Amino acid sequence: LVTRRDARQRAARSGDGERDLSGDRLHDVVMALSAASGSGDEEARFAILQQEWSALTTTLDAPLQENLRERYNEASTAFTRSRTLIAHESAEEANLLHALAAIPSFIDADDLEQALNSLSEAQRTFYGWQPQLVGRQQVTERLNLLKEQHRAAATRREEAQAALRQTNLIKRKELLEEMKGLLTADDIRQAEQRLKEIKEIWRKPTDLPGDAPDLQPEFAETSRLFAGKLAAAHQEETWQRWQNKNLKEELIKEAVALDESTDLRQVFKRIKELQENWRTLGPVPAKEEKTLWRHFQQATERNFARCRIYFQALDEEAERNLQEKSRLRDLAVAHQESCEWQKNSDFIKDLQAQWKAIGRGPKDKEEAVFQAFRAACDHFFERRKAHHEALDQERQANLSLKEALCLRAEALADQPEVTHKEQFQELQTAWKTIGQVPKGQEEAIWLRFRAACNRYYDWLDTLRPENLAEKEALCAAVEELTAAIGPETTNFIQVAKKVAALQRRWKEIGPVPKEQQHSIWQRFKGLCDTFYAAKKLHDEEIDQQRPENQAKKEAFLSRIKELSIAAVSRESVKEIVAIQEEWQRLGPASQESERPLQEKFKLLCDTFFKERRESLEEIDQMQRENLKKKETICLRLEILAGINPQPVMQPGKKKAGLTLAEQLKVAFETNFVLSADDARDKKKRAKDEIEAVKLEWQQIGAVPREHENIIRKRYNTALDAALKM
């Protein structure tokens, strides 16, 4: 009973605690709602608070505090009113911004007055707008920006107007200066017309700077001076018209006098001259113009009527001339595409000379024939010009190429070498392939090139005796190499390399004296041919062994495959190594099989050793032991020969092989072997020791590859020295 009572008390206390916490949270919610209703927070926040209120009041068992729900309702009502006020104030703000949005277009269109009116109206509206919850900052910033833009536009307009006024003043001054220049014009009529245009421009209203000088008096004075000049010109023109009247009356008298002439050719010619003179004379007084022209025309027409027979003869001659010119045109057209430049050029020029010798044809027909004739001639000569230009470019390019050959030949001749002979031959061959150079430069460029070649070949001739001696030495060298050729004693591959080197050297040596050129060559060639004949026989013997070698290599490949499949053992590694050594000693297989066999062999060996790396490490250790053994043998031989030891060097320049203690031990043992009172006994012991050493050397296996050549060279050097004792 006590336990149940305690539990009920604890539960009651726990429930009281939870109710207290819920009541505190409800109080906080009401406070947050009140704050949101007065600050203009978003509706989402208010909705969350309402949901939390509902949840708390639903789960709370005890009644709410008396004023808590009232405060909640007041906060909700206040928030709703604030939402309405915010919407109203936001709409007013949007209207203001919309009104301001139209102002930039007025500024861009330079309608600053309308922009200022709209800006002032918007500002008055803004001053009367006093929002409670919506901020005024956005509208304020927009107003300030537009004011600044309007001020900047107004400044630009004023500057542009000032510049325009200044430009107008400059134009006025220019017009005044041009007007002054008309006072000295040669063509008074043209000057008068221009003066009228200037006055028309001057009368138009123009906006000028406030401090602009008054140009009107100067303009009026210039107009007055020009009027005086114009009056004088009119007076002179009147006098000139009377002068022209007298001259034209003289022309009329000459035309009338032709009525008595019987030389119609001269009559026709003179009438033409009189008509030309009439056209060159200026005007006469207006009241005399028609009368004078009528008298002159009657006299010329009357004489032209007398020349009709002459005109008819001229027309017939003109028609014949047209036919001949048409023939020349057809010949020119037929030859305009010819590529026989010189021959056709002379032919076209002859046609042109014939054309000039022929008289005129009918005016209405000759022009078309002439244009066709000239077009054909021009077409040919333009083609010839293009051809010659192309030739000139080609010849200039050829000159550049030959100059480059000269430079190369001169450089080779300045530092002559026997091997330059082939290069000179190439240069000479290249010279022959290059075409002509510009006229007047052929001989000079050829002499330059030939001089460089001659200089080299003269030098080459001075070497002929020396070349003979060197080639005789090459013959002797070949004789020495091939003196004792035999399949057992001759390494044909090495000798072939040496003979090939001697042949290359032969080609590098220059010519010998002509009287000995054939004999020395036959000697050298005969020796080489003899060697290569022997080598051919040797190669044939090797070829006979190729099938056997191939069979052995294929057997080795099969064995390596078996070893690769079998379990790893030291014996298999040793056998693979032995197979590799035997493979190297074998000769080649058939030509078509040798390379595939080598590749397959390498692949199998690489795969085998890659999979058996631990075995390889054992081999490496064994090879290093072999290196120690061989170094011991070298040291024994060096002590026998009385020369200083030469330690083997590993990669990284670290000493390998015997340690100092081991070297001392070997030295002690070797000296002990040689210790004998009798010199002959000592010599015999040394000889026996050398034979023992040679036998031991042959029984020792391979050493690390990086030491192989070094230790072998050391062994041979020590052995040779020991044998000479």
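**Exercise 1. A salt bridge at Arg 165**

Decide whether Arg 165 counts as buried or exposed in this model, and find which residue its side chain meets in a salt bridge.

Solution. The model is a predicted one, and the first step is to place Arg 165 by its relative accessibility, which is 17%. Because buried means under 20% relative accessible area, Arg 165 counts as buried. The second step is to look for the partner, and here the side chain of Arg 165 meets that of Glu 158 in a salt bridge, with 3.4 Å from N to O. The third step is to place this partner: Glu 158 has 43% relative accessibility and therefore counts as partly exposed.

**Exercise 2. Two further pairs**

Work out how far apart in sequence the parts tied together by Glu 337 and Arg 383 are, and then how Lys 552 and Glu 548 are separated within their helix.

Solution. Glu 337 forms a salt bridge with Arg 383, and the closest N and O atoms of the pair are 3.6 Å apart. Glu 337 lies in the loop between α11 and α12 (341-357), whereas Arg 383 lies in helix α13 (residues 363-414), so the pair ties together parts that are 46 residues apart in sequence. Arg 383 counts as buried, since its relative accessibility is 18%.

Turning to the other pair, the side chains of Lys 552 and Glu 548 meet in a salt bridge of 3.5 Å, N to O. Both residues are in helix α18 (residues 514-565), and because they are four residues apart there, about one helical turn separates them. Lys 552 is partly exposed at a relative accessible area of 38%, and Glu 548, at 47%, likewise counts as partly exposed. The count for the model comes to 41 salt bridges.

**Exercise 3. The setting of Asp 110**

Describe where Asp 110 is found, what is noted about its phi angle, and which residues are linked with it in a network of salt bridges.

Solution. Asp 110 is found in the loop between α4 (103-108) and α5 (112-127). Its phi is near 65 degrees, which is a positive value in a residue other than glycine. With a relative accessible area of 40%, Asp 110 is partly exposed. Finally, a network of salt bridges links Asp 110 with Glu 113 and Arg 157.

**Exercise 4. A patch of negative charge**

Identify the residues that gather in a patch of negative charge on the surface, and name the helix that gives the most to the patch.

Solution. The residues that gather in the patch are Asp 315, Glu 316, Glu 319 and Asp 364. Helix α11 (residues 308-334) gives the most, contributing three residues. Glu 319 has its place in helix α11, and at 30% relative accessibility Glu 319 counts as partly exposed.

**Exercise 5. Cysteines**

Establish how many disulfides are counted, and find which cysteine sulfur is nearest to that of Cys 528.

Solution. In general, a disulfide is a covalent bond between the sulfur atoms of two cysteines. The cut-off applied to a pair of cysteine sulfur atoms is within 2.5 Å, and by this rule the count comes to zero disulfides. For Cys 528, the nearest cysteine sulfur is that of Cys 475, which is 8.0 Å away, and Cys 528 is in no disulfide. Cys 528 is buried, with a relative accessible area of 2%, whereas Cys 339, at 53% relative accessibility, counts as exposed.

Terms used: Residues numbered from 1 in each chain as written. Predicted model: local features only at pLDDT ≥ 70, side-chain atom pairs only at ≥ 80, totals over all residues. Heavy atoms only, no water. Patch = residues over 30% accessible without salt bridge, like charges linked within 9 Å, V, L, I, M, F, W, Y side chains within 5 Å. Areas by Shrake-Rupley, 256 points an atom, 1.4 Å probe, with all protein chains shown as cover. Salt bridge = Lys/Arg side-chain N within 4 Å of Asp/Glu carboxyl O. Lys, Arg positive; Asp, Glu negative; His and termini not counted. Charge placed at Lys NZ, Arg CZ, Asp CG, Glu CD. Helix = DSSP H or I, 4+ residues; strand = E, 2+ residues; numbered from the N terminus. Buried < 20%, exposed > 50% of the residue type's maximum accessible area, 1.4 Å probe, protein only.
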